[in-house]
Amino acid sequence: MRREAAKGTRPLGEPSVPDMTAKAIQILQKSPNGFFLYVHTNRVDYHHHRNEAKKALLGALELEEAVIEAVKRTNERDTLIIVTSPFSQMMKIAGFSDRGNDILASLNFKQPSASPLSRSTHGADDVGIYAQGPMSHLFHTVHEQHYIAHVMAYAACVGPYKSTARCNRKKH
């Protein structure tokens, strides 16, 4: 599928990530047992690896639109929405540019590097975890990645958490 940077030239009928998110929720909401939906866009990562800041930002905006669709189409009382990233990126925009200076330049501009590589690498920075809905309060500080899966299982009363007192109360 085309990258978000090509928006506007998308072939007729090719959906965007927000379109696919909305449709997936519409279909999955028919399940009486609830559902799990994983929405992923590699556009941010893909363009970061190529030092294409403007395209990476467009990918981030596409993900934001998908999150907005998910929030609009679900109920915060019974839907846990988590937004995070598996890793950080090395591409940073630094310096003291004059106000009004377009630091993104044209769409295909590659940001310069002090240590040029053929592709950038992932960073070691902590990444944010943003959540709303049931059990979202369990995301409150820096967490290891595996913690996210445990919170999801606990919130959904599945796996090792399906027999907890909290989950048994929900059944009655």
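# Reading the labels in this structure

Q: Which residues are buried in α4?
A: I148, V151, A153 and A155 are the buried residues of α4. Buried means under 20% relative accessible area, exposed means over 50%, and partly exposed covers the range in between (1.4 Å probe, protein chains only). The model is predicted: local features need pLDDT of at least 70, side-chain atom pairs count only at pLDDT 80 or more, and totals for chains, interfaces and linings use all residues. Residues are numbered from 1 along each chain as its sequence is written, and side-chain values use heavy atoms, with hydrogens and water left out.

Q: How does the reach of helix α4 compare with what is expected?
A: Helix α4 spans residues 145–156, which is 12 residues, and reaches 18 Å from its first C-alpha to its last. The expected span is 1.5 Å times one less than the number of residues, and the reach of α4 is close to the resulting 16 Å. Helices are DSSP runs of H or I with at least four residues, and strands are runs of E with at least two, numbered from the N terminus. Just after α4, C157 has a positive phi of about 55°.

Q: Which residues make up the largest nonpolar core?
A: This core has 6 residues: I129, M135, F139, I148, V151 and A155. A nonpolar core is a set of buried Ala, Val, Leu, Ile, Met, Phe, Trp, Tyr and Cys residues joined through side-chain atoms within 4.5 Å. In soluble globular proteins, nonpolar side chains tend to be buried together. One member, F139, has a relative accessibility of 11% and therefore counts as buried.

Q: With which residues is I129 in contact, leaving aside its neighbours within four places in sequence?
A: I129 touches I82, V83, T84, F139, H143 and I148, where contact means heavy atoms within 4.5 Å.

Q: What makes E69 and K72 a salt bridge?
A: A salt bridge requires a side-chain nitrogen of Lys or Arg within 4 Å of a carboxyl oxygen of Asp or Glu. The N to O distance for E69 and K72 is 3.2 Å, so the pair satisfies the rule. The two residues are 3 residues apart in helix α3 (residues 53–73), about one helical turn. E69 is buried at 15% relative accessibility, whereas K72 is exposed at 58%.

Q: How far apart are the closest N and O atoms of E69 and R73?
A: These atoms are 2.7 Å apart, and E69 and R73 form a salt bridge. Both residues lie in helix α3, 4 residues apart. Salt bridges that share partners thus join E69, K72 and R73 into one network.

Q: How many aromatic pairs does the structure hold?
A: The structure holds 2 aromatic pairs. The rings of F139 and Y147 have centres 6.1 Å apart and planes at 85°, so this pair is edge-to-face. The rings of Y154 and Y161 have centres 5.6 Å apart and planes at 85°, so this pair is also edge-to-face. Rings of Phe, Tyr and Trp (its six-membered ring) pair if their centres lie within 6.5 Å; planes under 30 degrees apart are stacked, over 60 edge-to-face, and the rest tilted.

Q: Which residue lies over the face of Y154?
A: R166 lies over that face of Y154, at 4.3 Å from the ring centre. The rule asks for NZ of Lys or CZ of Arg within 6 Å of the ring centre and within 35 degrees of the ring normal. R50 likewise lies over the face of Y46, at 3.7 Å from the ring centre.
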